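Trainee: I'd like to go through this one label by label and ask what justifies each of them. Could you pull it up?

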Amino acid sequence: MSALANHAFAKMNGIGNEIVVVDMRDSASRVTPDDARAVASANGGVAYDQLMVLQKPRLAGTEAFIRIYNNDGSEAGACGNGMRCVVRRIFEKSGQTTATFETAAGLLNCWQGPAPDLYTVDMGAPKFGWQDIPLAEEFRDTRYIELQIGPIDNPILHSPSVVSMGNPHAIFWVEDVNAYDLERFGPLLENHPIFPERANITLAHIVDREHITIRTWERGAGLTKACGSAACATAVAAARLKRANRNVEIALPGGKLGIEWRERDDHVLMTGTATFEYEGNFDPALFAPVG
Ligand SMILES: N[C@@H](CCC[C@H](N)C(=O)O)C(=O)O
């Protein structure tokens with residue numbers, strides 16, 4: 001039986017990004033991809049984009065090691081919106097206002113502020129090298145790469161910027177983010193052979209040097225109302241192209257995020273709200289073997 005059977009969870013969202021938080025710091029068990037898919041089951045499960053599982057800290061000075069699961073059971077190195085939900089949950093229980101967490105992508109410093117309902121996550125430094133993203137072949141300049149879909153002489157989407165924010169992102173620059181069938185093109189691009197670990201696919205429109213609008217098809221989760229790491233990746237990619245400032249507001253279908261690409265240490269700070277919806281315990285029937 002899964003370690004998640006009867007376990008407590010909190011259903012939250014980060015500006016519409018559907019998040020489930022599970023605190024397993026008292027257990028040595030590991031959530032399997034099957035467990036993660038079972039939680040998302042349409043039959044009595046909890047619909048989510050990411051499942052944030054807190055495990056015992058591995059490093060002194062950190063609150064937890066966090067495993068991040070997409071609803072297809074795959075694991076991700078980063079989830080900005082999920083981190084704000086974890087931070088709110090932990091801070092409300094402990095009274096803390098700052099904390100450091102570890103994920104597969106490294107250490108994340110988090111704090112409450114600059115207003116009481118806002119949480120900021122230091123998402124670390126972006127990576128631009130083709131092997132870091134990763135891409136399947138060498139591109140010396142990842143501000144734009146050769147990739148397109150649609151007719152060769154009249155592509156529908158082309159020349160994305162690519163960035164790793166602890167997870168792979170491709171950003172296609174467009175005039176209207178709602179003018180494309182992202183549910184159709186998202187899966188094709190997510191699974192394109194140029195991305196050996198798949199990729200999160202974002203459509204981005206630069207409104208002015210301080211405002212960008214995006215929509216994202218998430219690797220392993222599909223169309224979401226918000227993707228925090230995509231907002232960070234977009235802000236950084238726009239600044240790299242000298243088309244935006246290092247401090248921008250990103251509008252997503254579910255709400256807004258403030259993103260600052262800090263000059264002094266190259267780190268990306270993401271600020272936004274986190275919303276608690278309800279809590280419960282997982283129904284053990286979700287994890288019962290089939291047949
Ligand atoms: N929703 C997230 C990103 C989740 C991970 C992503 N689907 C991946 O597999 O890389 C966010 O807010 O950053």
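Trainee: Why is phenylalanine 9 called buried?

Mentor: Keep in mind that this is a predicted model. Phenylalanine 9 has a relative accessible area of 7%, and buried means under 20%, so phenylalanine 9 counts as buried.

Trainee: And what makes phenylalanine 9 and tyrosine 278 an aromatic pair?

Mentor: A search of the whole structure turns up 4 aromatic pairs. In this one the centres are 6.2 Å apart, and the limit is 6.5 Å. The planes make an angle of 85°, and over 60 degrees counts as edge-to-face, so edge-to-face is the label.

Trainee: How do you know that this pair links distant parts of the chain?

Mentor: Look at where the two rings sit: phenylalanine 9 is in strand 1, tyrosine 278 is in strand 19 (residues 275-281), and they are 269 residues apart.

Trainee: Is tyrosine 278 buried, exposed or partly exposed, and why?

Mentor: Partly exposed, because its relative accessibility is 39%, and that class lies between the 20% and 50% cut-offs.

Trainee: What makes phenylalanine 282 and phenylalanine 287 edge-to-face?

Mentor: Their planes are at 90°, and the label needs over 60 degrees. Their centres are 6.2 Å apart. Phenylalanine 282 is buried at 1% relative accessibility, and phenylalanine 287 is buried at 11%. Ring pairs join Phe9, Tyr278, Phe282 and Phe287 into a cluster.

Trainee: Back to the start of the chain. How do you know that strand 1 and strand 2 pair?

Mentor: Two bridges are the minimum for pairing, and strand 1 (residues 8-14) shares 5 with strand 2, in the antiparallel sense. One example is alanine 10, whose bridge partner in strand 2 is valine 21. Their hairpin has 2 residues between the strands, and isoleucine 15 takes a positive phi near 40° there.

Trainee: What does strand 2 do on the strand 3 side?

Mentor: Strand 2 pairs with strand 3 (residues 50-55) in the parallel sense, again over 5 bridges. Valine 22 has valine 53 as its bridge partner in strand 3. The chain gets from strand 2 to strand 3 through helix 1 (residues 33-39), a right-handed β-α-β crossover. Strand 2 (residues 17-23) is mostly covered, with 5 of its 7 residues buried.

Trainee: Why is strand 13 described as largely enclosed?

Mentor: Because 7 of the 9 residues of strand 13 (residues 200-208) are buried, it is largely enclosed by the rest of the structure. Strand 12 (residues 168-173) runs parallel to strand 13, joined by 5 bridges, and isoleucine 171 has threonine 202 as its bridge partner. The path from strand 12 to strand 13 goes through helix 3 (residues 182-190), and this β-α-β crossover is right-handed.

Trainee: What makes strand 13 and strand 14 a pair?

Mentor: At least two bridges are required, and they have 7, in the antiparallel sense, with strand 14 covering residues 211-218. Isoleucine 206 stands opposite isoleucine 212 in strand 14. A hairpin through 2 residues joins the two strands.

Trainee: Last one, for the whole chain. Why is it called as compact as a globular protein of its length?

Mentor: The chain has 4 helices and 19 strands. Its radius of gyration is 19 Å, close to the 19 Å that the globule rule gives for 291 residues, so the label follows. Buried residues make up 54% of the 291.

Conventions: Residues are numbered from 1 along each chain as its sequence is written. This is a predicted model: local features need pLDDT of at least 70, side-chain atom pairs count only at pLDDT 80 or more; totals for chains, interfaces and linings use all residues. Side-chain values use heavy atoms; hydrogens and water are left out. Buried means under 20% relative accessible area, exposed over 50%, partly exposed in between (1.4 Å probe, protein chains only). A crossover is right-handed if, with the strands pointing away from the viewer, the path from the first strand over the helix to the second runs clockwise. The radius of gyration is taken over C-alpha atoms; the globule rule is 2.2 Å times the number of residues to the power 0.38. Rings of Phe, Tyr and Trp (its six-membered ring) pair if their centres lie within 6.5 Å; planes under 30 degrees apart count as stacked, over 60 as edge-to-face and the rest as tilted.
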